[in-house]
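Colleague: I've got some time before my gel finishes. Could you walk me through this model?

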Amino acid sequence: MKHFFKSFFKLSPIFVLAALMIISNIKALSEYFNIKLDILIIAPIATFYAIIVAMLTERFTFTDVLDAAISNVKEMQIVFFILMLAYALADSFMATGVGAAVINISLKIGLSAKTVAVVSLLISSCLSVATGTSWGTFAACAPVFLWLTHILGGNILLSLSAVAGGSCFGDNLGLISDVTVVSSAIHKVEITDRIKNQGVWSIFSLVIALVIFFIASWSLPTQSVNPTIAIDAIPAEVWEKLAEEKPVAIELLNQVKTGVPLFMVIPMLIVIVTALKGISTVICLSLGLISCFILGAFAGTVPDVKTCLDLMLNGFSDAGSWVIVMMMWVAAFGGIMGKMNAFEPLAHLSVRISKNVRQLLFWNGTISILGNAALADEMAQITTIGPIIKDITDKNIEASEKDMYRLRLRNATFSSALGVFGSQLIPWHVYLSYFVGIAATVYPLQTFTQIDLISHNYLAIVAVVSLLLFTLVPIDRFLPGFSIPTEPDVKIKKNNYVKGEDEKINT
């Protein structure tokens, strides 16, 4: 019993972090408790509490705990540089015409109420891959497609959910997405290998979602309209809000309206092709930045060198002012939790109830989505739960290095996919709060709730369900490059692990 209470106490920092996140992101609860905190405040609170718990339960000195926190942050250093480049590239793609070119090419196929949700999903998916930002993609696409849907007489909730799901698509698969970058770093896999490994599954999920959206829109009108009308219909207060929240979104919308040369898609193609060739992520991002500035100069979207430097500065500032600082605190929190082996009982339980490697990997996925629900932030889940499922896999599965790498690829996919797509199914998640807030701003004619987005986000539902199902049942072997190795190539070291844990508990 003493061991049980000690284990529970060591997990209590997670409960503190989760409780503060849930209270702060559910309006009724935040008003009742009069608490509305940002993750930048919640993470330090949870970290300091974890320090106290570690010192009390394991008799660590403050220096011991601090070293563990700093050591975990140090492992993320290269990721911080990649994130700064990624944010700079995201703003540059939106401002120089790359994003507008992607939208305009897609719009040439023609739209109607019956097809606008499908096209919303397709374009937002492409744009999120190109820019690597779900937040920026949603802010850019929501004004266009919500008002376009209104003019066409379509279903607003379908289009809204399509944009939300598509905005997350690139966060799970995109080379320049912070979610992809961080999850790959934690599980020690190359980003380019991630793209090759989960690419077919990601496209499969997208295609299934497109079909579902088309079926859901089947009874809607078929007349088409020029998308410029949708942009002209955006109210002045919406433009003011976008100017405050995301100025580059205004540039993108204006470029969609006025048009940009189609050759502005080249920077996106350069990033994708160099990534698939296995070139270093830093080089891929740098080539994307350089090419969009050079081609933007020919297109007239980049007037001078100062514009290029300002875009880079804004990207670096955005990454440093929120994402990197938040990641440092959450990484420190994860380091402390790992130092006192806080998640050991959870690992023990998952191994004990698993009969084979597939079941163990399935529980890794389940732990990831439960962690996302508990922490209410996908990056917190990735940096906190990611090391847990990595440790479960490394310690309890016997396999060749090649097969272990494939298992790490699946764990990395769990971290990012069940982070971004899983967030779309959690009512109190920060993602949904942001999406609902932006939707209410750009389309004030309708009141939106988190449940509205959950019920119609078919891409998120398909992605989460299929990923867990394909892991538990060997259906993934039908998707090229996506299958995980199974017995007898890999085997679980269950007996040794459980025996050792039981001896520790008895002691």
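Colleague: Let's start with α3: which of its residues are buried?

Modeller: Keep in mind that this is a predicted model. Buried here means under 20% relative accessible area. In α3 the residues that count as buried are Ile39, Ile42, Ala43, Pro44, Ala46, Thr47, Ala50, Ile51, Val53, Ala54 and Thr57.

Colleague: And how far does α3 reach from its first C-alpha to its last?

Modeller: α3 has 20 residues, and at 1.5 Å a residue 28 Å is expected. The reach in the model is close to that, at 27 Å.

Colleague: Tyr49 caught my eye. Is Tyr49 buried, partly exposed or exposed?

Modeller: Tyr49 sits in helix α3, which covers residues 39-58. Buried would need under 20% relative accessible area, and exposed over 50%. Tyr49 has 25%, so the label is partly exposed.

Colleague: Which residues does Tyr49 touch, not counting those up to four places away in sequence?

Modeller: A touch needs heavy atoms within 4.5 Å. Phe333 is 284 residues away along the chain, and its C-alpha is 9.4 Å from that of Tyr49. As for the residues that Tyr49 touches, they are Phe9, Ser12, Pro13 and Val16.

Colleague: Now α20. How far apart are its end C-alpha atoms?

Modeller: Helix α20 runs over residues 378-396, which makes 19 residues. At 1.5 Å a residue they should span 27 Å. The model agrees with that, as the end C-alpha atoms are separated by 26 Å.

Colleague: Where in α20 does the kink lie?

Modeller: α20 is mostly covered, with 14 of its 19 residues buried. The kink is about 35° and comes shortly before the proline Pro387. Its place is Ile385.

Colleague: On to the rings. Is the pair of Trp201 and Phe482 stacked, tilted or edge-to-face?

Modeller: There are 13 aromatic pairs in the structure. For Trp201 and Phe482, the centres are 5.7 Å apart and the planes differ by 5°. Planes under 30 degrees apart count as stacked, and that is the label for this pair: stacked.

Colleague: How many residues apart in sequence are the parts that this pair ties together?

Modeller: Trp201 belongs to helix α11 (residues 191-216), while Phe482 is in the loop between α24 (458-472) and β2 (491-492). Both residues are buried. The pair therefore ties together parts whose separation in sequence is 281 residues.

Colleague: What about Tyr443 and Phe448: stacked, tilted or edge-to-face?

Modeller: Both of these residues are buried. Their ring centres are 6.4 Å apart, with the planes at 50°. Stacked needs under 30 degrees and edge-to-face over 60, so at 50° this pair is tilted.

Colleague: Which residue has its charged end over the ring of Phe482?

Modeller: Lys114 has its charged end over another ring, that of Trp218, 4.4 Å from the centre. Over the ring of Phe482, 4.0 Å from its centre, sits the charged end of Arg410.

Colleague: Last topic, cysteines. How many disulfides does the structure hold?

Modeller: A disulfide needs two cysteine sulfur atoms within 2.5 Å. Cys168 is buried at 0% relative accessibility, and its sulfur is 12 Å from the closest one, in Cys141, which is too far for a bond. Cys292 is in no disulfide either, with the nearest cysteine sulfur, that of Cys308, 7.5 Å away. The number of disulfides in the structure is zero.

Methods
Residues numbered from 1 in each chain as written. Predicted model: local features only at pLDDT ≥ 70, side-chain atom pairs only at ≥ 80, totals over all residues. Heavy atoms only, no water. Helix = DSSP H or I, 4+ residues; strand = E, 2+ residues; numbered from the N terminus. Expected span 1.5 Å × (residues − 1). Bend = angle between axes of the 7 residues up to and from the residue. Buried < 20%, exposed > 50% of the residue type's maximum accessible area, 1.4 Å probe, protein only. Phe/Tyr/Trp six-rings, centres within 6.5 Å; stacked < 30°, edge-to-face > 60°. Lys NZ or Arg CZ within 6 Å of the ring centre and 35° of its normal.
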